[in-house]
Amino acid sequence: MGKDGVMYDAFISYRHSELDSFVAATLHKQLESFKLPRGVLRNKIREMRQPEAGEQQSKELTKEVKTRIHRVFRDKEELPLATNLADPIREALQNSEYLIVICSPRLPESMWCRKEIETFIEMHDREHVLAVLAEGEPAASFPEELLYREAEEKQPDGSILKVKIPVEPLAADVRGMRRREIRRKIKSELLRLVAPMFDCSYDDLKQRHKEQRTRKILAAAMS
């Protein structure tokens, strides 16, 4: 069980086409193998630690800070033809901290994917929805549920009118001509997705990740 009792760190919503499934599976694997760089962990503990706190508190805080993504939900089967989302899907959405949507021109055509987005936003909020652009342009690949939010506007006559307000979803761009290029893009864009999941800045995470890689390369060269 994760943060605040949630079962999954993220729920991946995607179309079960060849490209979309490849992106979803590759991202799933990389998410569950990602570990928070030690430099970021040290900074977070330093921010949380009370002045004059001893080593014991630092050890306790280390246990509290999220350092990796433990569980990601990805439904490997197409949803059955039914009028509502299946109970296991609704349960997984309810028990997921983030929703990651794999966007392509095929996604807006899926009633189920759009229903997953809508349901997650109703259960949680829009701030915990992350988009991954796998193919096509944003206007054709992002469904309305990601591009707009509904709001109520009071009219001069006192009536209430529902309006759509444009929003800009947090998105990672992994488009590529070949699978090798897409895999490389996912690896480089992964930090953009995990930054909010670890409640840290993308720039800091990127810098610390780069420093960690450099240390590993130097250690390998000297061994």
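User: Which residue, with a positive phi, follows α8?
Analyst: This is a predicted model, in which local features need pLDDT of at least 70 and side-chain atom pairs count only at pLDDT 80 or more, while totals for chains, interfaces and linings use all residues. Residues are numbered from 1 along each chain as its sequence is written, and side-chain values use heavy atoms, with hydrogens and water left out. Helices (DSSP runs of H or I, at least four residues) and strands (runs of E, at least two) are numbered from the N terminus. The residue that follows α8, with a positive phi near 55°, is D199.

User: How far apart are the end C-alpha atoms of helix α8?
Analyst: The expected span of a helix is 1.5 Å times one less than its number of residues. Helix α8 covers residues 179–197, so its 19 residues should span 27 Å. The distance between its end C-alpha atoms agrees with this, at 26 Å.

User: At which residue does α8 bend?
Analyst: A bend is the angle between axes fitted to the seven residues ending at a residue and the seven starting there. In α8 this angle is about 40°, and the residue concerned is E189.

User: What share of the chain is buried?
Analyst: Buried means under 20% relative accessible area, with exposed set at over 50% and partly exposed in between, using a 1.4 Å probe and protein chains only. Helix α8 contributes I182, I186 and E189, among others, and helix α1 contributes residues including F22, V23 and L27. Of the 223 residues in the chain, the buried share is 39%.

User: In what order do the five strands of the open sheet run?
Analyst: Two strands pair if DSSP finds at least two bridges between them, and the pairing in this sheet is parallel. The edge strands, each pairing on one side only, are β2 (72–74) and β7 (170–173). The full order is β2-β1-β3-β4-β7.

User: Which residue in β4 stands opposite L99?
Analyst: Strand β3 (residues 96–103) pairs with strand β4 (residues 129–133) in the parallel sense over five bridges. Opposite L99, in β4, stands V129.

User: Which elements are included in what covers the buried residues of α1?
Analyst: Helix α1 (residues 18–33) reaches 23 Å from its first C-alpha to its last, close to the 22 Å expected for its 16 residues. Contact here means heavy atoms within 4.5 Å. On that basis, the cover of its buried residues includes β1 (8–13), β2, β3, β4 and α8.
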